[in-house]
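This report describes the fold of one protein chain, from its overall form to selected elements. Please keep the sequence and the structure in view while reading.

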Amino acid sequence: MASTPNTANNTATAIITSPIFLTNESLHSILAHNSLIQHFHASLPTTSSTLHTPIRQSYDLSQSSSLLLMPSWSSTPSLPYIGVKLVTYFPQNSALNLPGIHASYVLFSSTTGQTLASMDGTVLTLYRTSCVSGLASKILARNDSKVLVMVGAGALAPHLIKAHLAARPSLQKVIIWNRTAKKASDLAEKLKKECIANDGVCFESNGNLEEIIGLGDIVSCATNADAPLVKGEKLKQGAHLDMVGSFKETMRECDDEAIRRGRVFVDNEAALVEAGELVGAFERGVTKKEDVGFLVELIKGEQIGRKNSEEITVFKSVGSAVVDLLAAQLVYESCIKDK
């Protein structure tokens, strides 16, 4: 389990002057989905308004590949850091049996400008993305949620599954779908062996997406889809739909009916202009920007989450430099605490 950061320790950046290089193994040993969800829950309300987070820069390297730069910085004593994530997106890598996303994250001191740590941004992203979804699930999904449907079986899928299980311990069954059926069945088998802590949870795969969507109390999507996979008419009453895959206007994981039927919440304002599901829905008059709620406001209690057990909730995440920095903070402060 990860240690809780000592946010009162504003001298941490002055203690270690030699940059720390964190291996993937180190990140996995420090980070845990449950503790990162708790860290986000406790930290987002107080830090989100004090961090400087310019709109991320995205550059098209080719028709399908992109380079993204995501900086964030704070000069407050409790969070004396600057962080930058550099991400490459090459979806065609699947044909080479390589991940489609690669990233590096560098943490600096906002007091001295010193480089503090360097870590694999891909692993950090997998944890922070899934834990933001887990936090939203903790707030928006029904307390008695039993079935999680995972749409997609890529690198994010096992993290999302573990984050939802951490957020909603009532879950008893996980059904995985993927375009390539073998990837879904392989992931289900892998999780059966890994998730010993979640004793009693059943993991299975299913090739009929339309059939299983209606079974999900929570439906989580992590795909590169440019045509809707989740049909809103198939969602059961009381379902919670979680989507993390799209970050361009041309990408969509659900149709307009899902947006129309649900109360929509997002991780940050960038989702309103980047998420294809929402941009298209705004243009077609399905919903309005002012009707969309924000995760931080939910945490603060400034907005009402789920109103009843039959309401459908939708959470769309596009990621932000804020949660990158908070995740890196947890990693770095846990690391120096153990030295």
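## Terms and model

Two strands are said to pair if DSSP finds at least two bridges between them. The model discussed here is predicted.

Strand 8 (residues 173-177) meets this condition with strand 9, since the two are joined by four bridges in the parallel sense. Within this pair, I175 stands opposite E204 of strand 9.

## The chain as a whole

The chain contains twelve helices and 14 strands. Its C-alpha trace spans about 55 × 45 × 45 Å along the principal axes. A compact globule of 339 residues would have a radius of gyration near 20 Å, and the chain, with 19 Å, agrees with this expectation.

Of the 339 residues, 55% count as buried. The surface that the chain exposes amounts to about 14600 Å², of which carbon and sulfur atoms supply 51%. Among contacts between residues at least 6 apart in sequence, 72% join residues at least 24 apart.

## The open sheet

In what order do the eight strands of the open sheet lie? The order is 9-8-7-10-11-14-12-13, and the pairing is parallel. The edges are formed by strand 9 (202-205) and strand 13 (293-294), each of which pairs on one side only. In general, strands of a sheet pair through backbone hydrogen bonds, in either a parallel or an antiparallel manner.

## Helices lying across the strands

Helix 4 (residues 121-140) lies across four strands: strand 10 (218-221), strand 11 (240-243), strand 12 (262-266) and strand 14 (312-316). The helix runs at about 160° to strand 14.

Helix 6 (residues 181-194) lies across strand 8 and strand 9, and its direction is at about 165° to that of strand 9.

## A mostly covered helix

Is helix 10 (residues 276-283) mostly covered or mostly uncovered? Helix 10 is mostly covered, with seven of its eight residues buried. These buried residues are G276, E277, L278, V279, G280, A281 and F282.

The buried residues of helix 10 pack against both strands and helices: strand 11, strand 12 and strand 14, together with helix 8 (256-261) and helix 9 (271-274). After helix 10 comes G285, whose phi is positive, near 75°.

Terms used. Residues are numbered from 1 along each chain as its sequence is written. This is a predicted model: local features need pLDDT of at least 70, side-chain atom pairs count only at pLDDT 80 or more; totals for chains, interfaces and linings use all residues. Side-chain values use heavy atoms; hydrogens and water are left out. Contact means heavy atoms within 4.5 Å. Axes are lines fitted to C-alpha atoms, for helices over the stretch in contact, and angles run from 0 to 180 degrees between N-to-C directions. The radius of gyration is taken over C-alpha atoms; the globule rule is 2.2 Å times the number of residues to the power 0.38. Buried means under 20% relative accessible area, exposed over 50%, partly exposed in between (1.4 Å probe, protein chains only). Accessible areas come from the Shrake-Rupley method with a 1.4 Å probe; for residues, only the protein chains shown count as cover.
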